[in-house]
Amino acid sequence: MNARDTARPPAAADLWEQWLGIWNGHYDNAARIVADKVTLHLPRYGMPDPAGIPDRERLVAWIDAFRSSYDRVRFRTVLGPFTDDGHLIGRWRFTGDWRSGRPEGATAAPGTTVEQQGVDILRLDAAGRIAEYWLSDDLLDVYVQLGAPLPAHRTAPAE
């Protein structure tokens, strides 16, 4: 393998697996595949303000905070990945055993297994790194599975 080969962006399937790898706790993947600055687009319910996650380091911290609420975390591909004009798109399934704590007000017993599905859309920069991330997930299903009150929604930013 020469230097030119190592500089090439990973193939779509490999990049997608590395992305899910971050969600599965392989945080070192982020330095390889996520741009230094990243823009997030998150659902309004139960999610932080994406303006507070402007870079790779905070993205990994947010993922770690999510993972800290569960044991036996597993993200796997359900459909895709697909590519379209500089974007990588895939559907995933998450399973994990809830520890307790978040979401507040949950009535389920610690150890309750939950399942969630979603779609990630990743825009790649010229170097083939993730520069923008759209999340569409079934987080409200998690609240129902854990017997938690539905989360407050974040207001839309002023136009």
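Reader: At about what angle to β1 does helix α4 run as it lies across the strands?
Author: In this predicted model, helix α4 covers residues 56–67 and lies across β1, β2, β3, β4 and β5. Taking β1 as the reference direction, the helix runs at an angle of about 60°.

Reader: Which strands are the edge strands of the sheet?
Author: The sheet is open and has five strands in the order β1-β5-β4-β3-β2, with mixed pairing. An edge strand here pairs on one side only, and this holds for the strand of residues 34–41 and for the strand of residues 70–84, which are β1 and β2. From one strand to the next, the twist averages 25°.

Reader: What angle does the direction of helix α2 make with that of β2?
Author: Helix α2, made of residues 12–23, packs on the sheet and touches β1, β2, β3, β4 and β5. When its direction is set against that of β2, the angle comes to about 155°.

Reader: Which residue in β5 is the bridge partner of histidine 41?
Author: Strand β5 spans residues 130–137, and it pairs with β1 in the parallel sense over four bridges. Looking in β5 for the bridge partner of histidine 41, one arrives at tryptophan 134.

Reader: Is valine 144 buried or exposed?
Author: Valine 144 is found in helix α5, which covers residues 139–145, and Val144 also helps to make a nonpolar surface patch of about 410 Å² together with Tyr45, Leu140 and Leu150. Its relative accessible area is 62%. Because a residue counts as exposed when this value is over 50%, valine 144 is exposed.

Definitions and conventions
Residues are numbered from 1 along each chain as its sequence is written. This is a predicted model: local features need pLDDT of at least 70, side-chain atom pairs count only at pLDDT 80 or more; totals for chains, interfaces and linings use all residues. Side-chain values use heavy atoms; hydrogens and water are left out. Patches are made of residues with over 30% relative accessible area and no salt bridge: like charges are joined within 9 Å, nonpolar side chains (Val, Leu, Ile, Met, Phe, Trp, Tyr) within 5 Å. Accessible areas come from the Shrake-Rupley method with a 1.4 Å probe; for residues, only the protein chains shown count as cover. A salt bridge is a side-chain nitrogen of Lys or Arg within 4 Å of a carboxyl oxygen of Asp or Glu. Helices (H or I, at least four residues) and strands (E, at least two) are DSSP runs, numbered from the N terminus. Buried means under 20% relative accessible area, exposed over 50%, partly exposed in between (1.4 Å probe, protein chains only). Two strands pair if DSSP finds at least two bridges between them. Axes are lines fitted to C-alpha atoms, for helices over the stretch in contact, and angles run from 0 to 180 degrees between N-to-C directions. Contact means heavy atoms within 4.5 Å.
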